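Please open the structure in your viewer with the sequence panel beside it, and keep a selection tool at hand. The stops below are meant to be taken in order.

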Amino acid sequence: MSALKLVIGNRNYSSWSLRAWLALKKSGAEFESVVIPLDTPEFRERIDNYSPTGRVPVLWHDGQCIWDSLAIGEYVNEQFAGGSLWPPDASSRGLGRAMAAEMHSGFADLREKMPMNCRAVHRRVPMEDALQTAIDRVWEAWSLALSRHRDIGPWLLGNYSLVDAMFAPVVLRFQTYGVEPPSGIRPYCTQVLEDPDLHEWIEAALQENWIIEQDEAGESPDKSS
């Protein structure tokens with residue numbers, strides 16, 4: 001297999017990097033991860049060597065550059081996963097791709113108010129109307145997918161797919177900020193959080209010492225009596 005290099009940002013904060021990384025892990029491909037810390041002089045100095053957009057993630061394969069997490073996922077699915085990161089059923093693929101695209105282009109309030117932060121615990125942010133609307137939309141989309149595929153398996157489309165990689169950072173956000181899933185969705189969140197590949201990512205994130213102040217959102221609730 002040709003060498004693969006995935007350029008990512010801080011594991012603790014970079015949700016888009018996580019999505020591409022999970023796609024590669026689930027494909028079984030061997031690859032190298034190159035971490036460039038976000039919002040640092042080092043990032044500005046190094047990123048142009050890898051990315052035409054100045055952003056991460058970006059995948060290099062045999063001299064070819066693929067940028068953007070969703071494009072990387074699709075490329076990995078075709079080149080290294082034998083198409084297994086989407087289900088064989090066209091209807092399920094259509095639903096999964098629609099959900100992945102919605103995550104990719106939408107949920108701005110969720111991303112802004114609840115940035116991914118693997119190291120954070122027991123954080124709380126104000127539950128503004130727009131944020132609650134975004135969370136409710138996530139529940140709606142997940143409920144639809146789970147109800148259609150519960151006889152196949154525990155993931156959104158039954159078996160693990162790119163849409164699970166796209167939403168994994170959202171599950172992490174809900175855990176960090178104390179967002180309790182509806183009872184019918186709770187087993188799916190548990191499934192995501194128990195994924196060994198996600199655990200590997202989080203363990204690496206916990207070893208990082210970079211801090212991005214604007215992504216340190218929320219405060220821990222007062223536990224004093």
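**Starting at the end of a helix**

Select Gly28 to begin: this glycine follows α1, and its phi is positive, near 85°. The model is a predicted one, and every value on this tour is computed from it.

Now step back to α1 itself, residues 15–27. The helix has 13 residues, and the distance from its first C-alpha to its last is 19 Å, close to the 18 Å expected at 1.5 Å a residue. Colour α1 by burial, and you will find that ten of its 13 residues are buried, so the helix is largely enclosed by the rest of the structure. The buried set includes the polar residues Ser15, Ser17, Arg19 and Ser27, and also among them are Leu18, Trp21, Leu22 and Leu24.

**On to α4**

Select residues 90–105, which form α4; its 16 residues should span 22 Å at 1.5 Å a residue, and the end C-alpha atoms are indeed 22 Å apart. Next, pick out the buried residues of this helix, namely Ser92, Leu95, Gly96, Met99, Ala100 and Met103. They cover an arc of only 130° around the axis, which puts them on the same side of α4. If you display the neighbours of these buried residues, you will see them pack against α1, α3 (69–79), α5 (108–113), α6 (129–149) and α7 (162–176).

Look then at the two ends of the helix. At its start, a side-chain oxygen of Asp89 comes to within 3.3 Å of the backbone nitrogen of Ser91. After its other end comes Phe107, in the loop between α4 and α5, with a positive phi near 60° although the residue is not a glycine. Is Phe107 buried or exposed? With a relative accessible area of 9%, under the 20% cut-off, Phe107 is buried.

**Two loops beside β3**

Move to Asp62, in the loop between β3 (58–61) and β4 (64–67). Asp62 is another residue other than glycine with a positive phi, here near 50°, but at 60% relative accessibility Asp62 counts as exposed. On the other side of β3, in the loop between α2 (41–46) and β3, select Pro57; the peptide bond that leads from Val56 to Pro57 is cis, with omega near 5°.

**The nonpolar cores**

Which residues touch the most other members of the largest nonpolar core? Within its 65 residues, they are Leu59, Met99, Leu110, Trp142, Leu156, Phe167 and Phe174. Two or more residues each are given to this core by β1 (4–8), α1, α3, α4, α6, α7, α8 (186–193) and α9 (196–206), and the largest share, ten residues, comes from α7. Centre the view on Phe174, which, leaving aside residues up to four places away in sequence, touches Leu110, Ile135, Val138, Trp139, Trp142 and Val179. Apart from this core lies another, of twelve residues, including Tyr13, Ile36, Leu38 and Val58.

**Last stop: the cysteines**

How many disulfides does the structure hold? The number is zero. Cys189, accordingly, is in no disulfide, and the nearest cysteine sulfur, that of Cys118, is 15 Å away. Finish by selecting Cys189 together with Cys65: Cys189 counts as buried at 8% relative accessibility, and Cys65 counts as buried at 17%.

Definitions and conventions:
Residues are numbered from 1 along each chain as its sequence is written. This is a predicted model: local features need pLDDT of at least 70, side-chain atom pairs count only at pLDDT 80 or more; totals for chains, interfaces and linings use all residues. Side-chain values use heavy atoms; hydrogens and water are left out. Helices (H or I, at least four residues) and strands (E, at least two) are DSSP runs, numbered from the N terminus. The expected span of a helix is 1.5 Å times one less than its number of residues. Buried means under 20% relative accessible area, exposed over 50%, partly exposed in between (1.4 Å probe, protein chains only). The arc is that of the directions from the helix axis to the C-beta atoms. Contact means heavy atoms within 4.5 Å. A polar contact is a pair of N or O atoms within 3.5 Å; within protein, one must be able to donate a hydrogen and the other to accept it, and residues adjacent in sequence count only if both atoms are side-chain atoms. A disulfide is a pair of cysteine sulfur atoms within 2.5 Å. A nonpolar core is a set of buried Ala, Val, Leu, Ile, Met, Phe, Trp, Tyr and Cys residues joined through side-chain atoms within 4.5 Å.
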